[in-house]
Amino acid sequence: MPYLNLNYAINSDHNLSYTFSSRIRRPRFWELNPSRTYFTPTNYTQNNPFILASKYYNQEINYMYKNAFYANLSFNMVEDAAASDLIPLQGTVTAPKKDSEGKIIKDIKGNPIMETTRFLRYIRTNYGKNREIALTLGMNKSWFKDIWTTNYSVNLGYVTYKGGVFEDPTSMPVPGETEVVDPYIIDVKNYNMSATLNNIIRLSSKKDWFLGVNYFFASQTAMEGGMIGARQSFDLSLKKIAGDWTIVAEVSDLFNQSFYSIKGVQPNGKYNNITNFNYPRLMSIGVTYNFGNQKLKKAREMKSANDAVKSRT
């Protein structure tokens, strides 16, 4: 796929670059597996063996100041876009009524008695196209003789999703049955923002104690399936280095606020509300031991770092 990168070093403090790239995102194997997960006889999730590959086109302008402060402006286009989550399809199936043994029930004239059942299916499928323009402002810098290291970024975005799903692509026609799918219309325009604040604080002059304080926030964001509510996460970590040993204790999402809540309403009044709470608060303790010649490892790390700097410049 076409790729172009232009870089201009204005001087030692200012760097400007432009990138154009395109790629094809093919569905993963498990996304093609048409297995179903049933919640009720008429409510299930299913992947799609007929899903198409999506085509991505991306342009970026990046500005870097003193290798510490940066701004990135990007524009992304996706054709034959597939929903990042499953599309909720509602509708009805009209079929002959059956008894407990599976036999068709007929009236006195010998005609099958028909019954109509509503369904709700979550299907992975293509729907149309989307566009996104985003501005990211960031900083990666150390302060007070490397006592405090910061990695901050703020992202502002505007996205549009356009298209629709008018039939269930996974349905197989059954003789005598009639299926009607309510059109699922996607026409979304949304502003959103997110911020990530990562801090590492050195607690001792021996460089053996470190405190990590991280915070993430994302505003309400519209997606193909509806509006995702605001999310945030506050994380803490404490690291101790003792010779070749490293001990890290971490608490993720201290206030339990990074769960997903989706609310979607269609023009015909039908709605799709989902709350996915996976108990994101987590505490973990890790212990690492470094084997081998540490002086040789440090020399190799310095060489790798120098090579990386040369490749970027």
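Which residue in E6 stands opposite lysine 55? In this predicted model, the residue opposite lysine 55 is glutamate 79. This position is a convenient entry into the sheet around strands E5 and E6.

Strand E5 covers residues 54-65 and strand E6 covers residues 69-82; the two run antiparallel and are joined by 11 bridges. Together they make a hairpin in which three residues separate the strands. Within that turn, lysine 66 adopts a positive phi of about 55°. Elsewhere along the pairing, asparagine 62 faces asparagine 72 of E6.

Each strand of the hairpin also has a further partner. On the side of E5, strand E2 (residues 14-25) pairs with it in the antiparallel sense over 12 bridges, and arginine 25 is placed opposite serine 54 of E5. On the side of E6, the partner is strand E9 (residues 126-143), again antiparallel and over 12 bridges. Here asparagine 72 stands opposite threonine 136 in E9. Asparagine 72 thus appears in two pairings, opposite asparagine 62 and opposite threonine 136. In a regular strand, side chains alternate between the two faces of the sheet.

The aromatic residues may be considered next. The model contains eight aromatic pairs. One of them joins tryptophan 143 and tryptophan 148 in a tilted arrangement, with 6.4 Å between centres and 35° between the planes. The pair is classed as tilted because its angle falls in neither the stacked range, under 30 degrees, nor the edge-to-face range, over 60. Tryptophan 143 is partly exposed, at a relative accessible area of 29%, and tryptophan 148 is likewise partly exposed, at 29%. Ring pairs connect Trp143, Phe144 and Trp148 into a cluster.

Two arginines lie over aromatic rings. The charged end of arginine 23 sits over the ring of tyrosine 56, 4.3 Å from its centre. Arginine 121 is positioned over the face of phenylalanine 119, 3.7 Å from the ring centre.

The last feature is the enclosed space within the model. Over the whole structure, three cavities of 30 Å³ or more are found, and the largest has a volume of about 100 Å³. Its lining comprises 13 residues, of which Pro88, Gln90, Tyr184, Gln266 and Lys270 are the closest to the centre. Strands E7 (87-96), E18 (260-265) and E19 (271-276) each contribute at least two lining residues. By character, the lining of the largest cavity consists of five nonpolar, six polar and two charged residues.

Note on methods
Residues numbered from 1 in each chain as written. Predicted model: local features only at pLDDT ≥ 70, side-chain atom pairs only at ≥ 80, totals over all residues. Heavy atoms only, no water. 1 Å grid on protein atoms, 1.4 Å probe; cavity = no way out; pocket = protein on both sides within 12 Å on 5 of 7 lines; lining within 4 Å. Points joined across faces, edges and corners; volume = space filled by probe spheres on them. Helix = DSSP H or I, 4+ residues; strand = E, 2+ residues; numbered from the N terminus. Nonpolar A, V, L, I, M, F, W, Y, C, P; charged D, E, K, R; others polar. Pairing = 2+ DSSP bridges. Phe/Tyr/Trp six-rings, centres within 6.5 Å; stacked < 30°, edge-to-face > 60°. Buried < 20%, exposed > 50% of the residue type's maximum accessible area, 1.4 Å probe, protein only. Lys NZ or Arg CZ within 6 Å of the ring centre and 35° of its normal.
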